[in-house]
Amino acid sequence: MAYTDAHRLFLQNCLLERCLPQSKAEQIFQKCLSATSSDQTERNFQDAILTVNVALDPINLELRTIQDEISGERMVAIVNTKGDDIAQMATSYSASELNAFKHLIKLIMTADDGNFCVASTATINDIYHLGTHGSKLLVQEFLKDLVRSQWLDLSAAGYYSLSNRSIVDLQTYLKEEYSECISECFLCKEIVTKGERCPREDCGTALHVYCARKYIPVHRNQCPSCHTSWVESQVFGSQTFDGTQLRQSRIEVSRQRRQTSASTPDSNREEGEEVEVDEEEARDEEE
Ligand SMILES: [Zn+2]
Ligand SMILES: [Zn+2]
């Protein structure tokens, strides 16, 4: 597909937003097509991504999609393809700010219990003592800017973690610097910082919150790798401090499932129908 004014407009929007839900990106692209009175045959979004990426290639940028670790929503992010260092952020941040950000990534990647998050008060103190910022207020402003620019997530309970943008844009750096600490989701193969680990220590299987929620209940509540019961899985990530009670809801789901199957031994119900009910219940309980 030829690179048109619609693609140019769409790219400008993506550059402004940096990381946005794919549904929103698709709407923006449709608006760009209308605004430029483009041909109906050019309406395919995936083709548009490919066309924009050909245009971005010479300047080492690319549109990439990533799945949100908790909601599973597909996101579109503009990333550097020469992502071997955080230096790519240098256009927006000073050298000392980059050092502070690298330090923060280290705190997150090496956090206690593999939770990939750090409490905000501890973070402010820690970065202040680096001496890269003159006061704690300046550190706070810097952290706010990282959140605004989508480099960092701040959870409801006040924990900093890596954002979708950071994970997709800095993945080469993260994999090289923190190969010891990093896990990839067994199911979707993306980096996982918010999820669940197999209760069997020598298994090491990790799943995103979203991937576990989708897969585990319809696969006998077992680890996809070693088939150990997943009921005692270890939940990790910043969301574990939010009181979202994902674990409780899933234990409740499996309890209800046992009760249901015990009370209706002659049921002709098919597997798919049962799952639909379970997922709905799980959602209700999480809200
Ligand atoms: Zn996954
Ligand atoms: Zn396992």
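# Two zinc sites and two nonpolar cores

In this predicted model, the zinc ion (ligand 2) is held by four protein donors, the SG atoms of Cys198, Cys203, Cys223 and Cys226, at 2.2 to 2.3 Å from the metal. The angles among these 4 donor atoms run from 103 to 113 degrees, and the site is tetrahedral. Along the sequence, the donor residues follow the spacing C-x4-C-x19-C-x2-C. Two of them, Cys203 and Cys226, link distant parts of the chain, being 23 residues apart. Cys203 sits in the loop between β7 (195-197) and β8 (206-208), whereas Cys226 belongs to the loop between α9 (209-215) and β9 (234-236). Cys226 has a relative accessibility of 22% and therefore counts as partly exposed, since the buried class ends under 20%.

The loop between α9 and β9 has further features. His227, which lies in this loop, has a positive phi of about 65 degrees although it is not a glycine. For context, most residues other than glycine have a negative phi. Pro217 is placed in the loop between α9 and β9 as well. With a relative accessible area of 10%, Pro217 is buried. The C-alpha atoms of Pro217 and Trp230 are 9.5 Å apart in space, and the two residues are 13 apart in sequence.

The other metal site contains the zinc ion (ligand 1). Its protein donors are Cys185 (SG), Cys188 (SG), His208 (ND1) and Cys211 (SG), at 2.1 to 2.4 Å from the ion. Because the 4 donor atoms subtend angles of 92 to 117 degrees, the arrangement around this zinc ion is tetrahedral. The ideal angle for four tetrahedral donors is 109.5 degrees. The sequence spacing of the donor residues is C-x2-C-x19-H-x2-C. Cys185 and Cys188 fall into separate accessibility classes: Cys185 is buried, at a relative accessible area of 1%, whereas Cys188 is partly exposed, at 28%.

From the metal sites the description turns to the chain as a whole. The protein chain contains 11 helices and 9 strands. Of its 287 residues, 43% count as buried. The chain exposes about 15,000 Å², of which carbon and sulfur atoms supply 47%. Among contacts in the protein chain with a separation of 6 or more, 55% are made by residues 24 or more positions apart.

The largest nonpolar core has 46 residues, and the members that touch the most other members are Ile105, Leu143, Leu146 and Leu174. Helix α4 (residues 95-109) gives the largest share of this core, 7 residues. Domain 2 (86-176) and domain 3 (194-286) both contribute residues, so the core lies between them. Leu174 shows the surroundings of one core member: beyond residues up to four places away in sequence, Leu174 touches Ile105, Met109, Leu162, Ser166, Ile167, Ser179, Ile182 and Ile191. A second core, separate from the largest one, comprises 19 residues, including Leu20, Ala48, Val76 and Ile78.

Helix α3 (residues 45-56) holds Thr51, a buried residue with a relative accessible area of 8%. Leaving aside neighbours within four places in sequence, Thr51 is in contact with Met1, Ala2, Tyr3 and His7. His7 and Thr51 are 44 residues apart in sequence, with their C-alpha atoms 7.7 Å apart in space. The loop between α3 and β2 (61-67) contains Asn60. Asn60 is not a glycine, yet it has a positive phi of about 60 degrees. The relative accessible area of Asn60 is 28%, and the residue is therefore partly exposed.

A final set of contacts between separated parts of the chain is found at Asp242, in the loop between β9 and α10 (246-263). Once neighbours within four places in sequence are left aside, Asp242 is in contact with Ser155, Ala156 and Ala157. Gly158 lies 84 residues from Asp242 along the chain, and 8.8 Å separates the C-alpha atoms of these two residues. Asp242 has a relative accessible area of 32% and so is partly exposed.

Terms used: Residues are numbered from 1 along each chain as its sequence is written. Chains are lettered from A and ligands numbered from 1 in the order in which they are written. This is a predicted model: local features need pLDDT of at least 70, side-chain atom pairs count only at pLDDT 80 or more; totals for chains, interfaces and linings use all residues. Side-chain values use heavy atoms; hydrogens and water are left out. Donors are N, O and S atoms within 2.8 Å of the metal (3.2 Å for Na, K and Ca); water is not among the atoms, so sites may look incomplete. Four donors count as tetrahedral if all angles lie between 85 and 135 degrees; four count as square planar and six as octahedral if opposite donors are over 155 degrees apart and all others between 65 and 115; anything else is irregular. Buried means under 20% relative accessible area, exposed over 50%, partly exposed in between (1.4 Å probe, protein chains only). A nonpolar core is a set of buried Ala, Val, Leu, Ile, Met, Phe, Trp, Tyr and Cys residues joined through side-chain atoms within 4.5 Å. Helices (H or I, at least four residues) and strands (E, at least two) are DSSP runs, numbered from the N terminus. Domain bounds come from an automatic or database domain assignment. Contact means heavy atoms within 4.5 Å. Accessible areas come from the Shrake-Rupley method with a 1.4 Å probe; for residues, only the protein chains shown count as cover.
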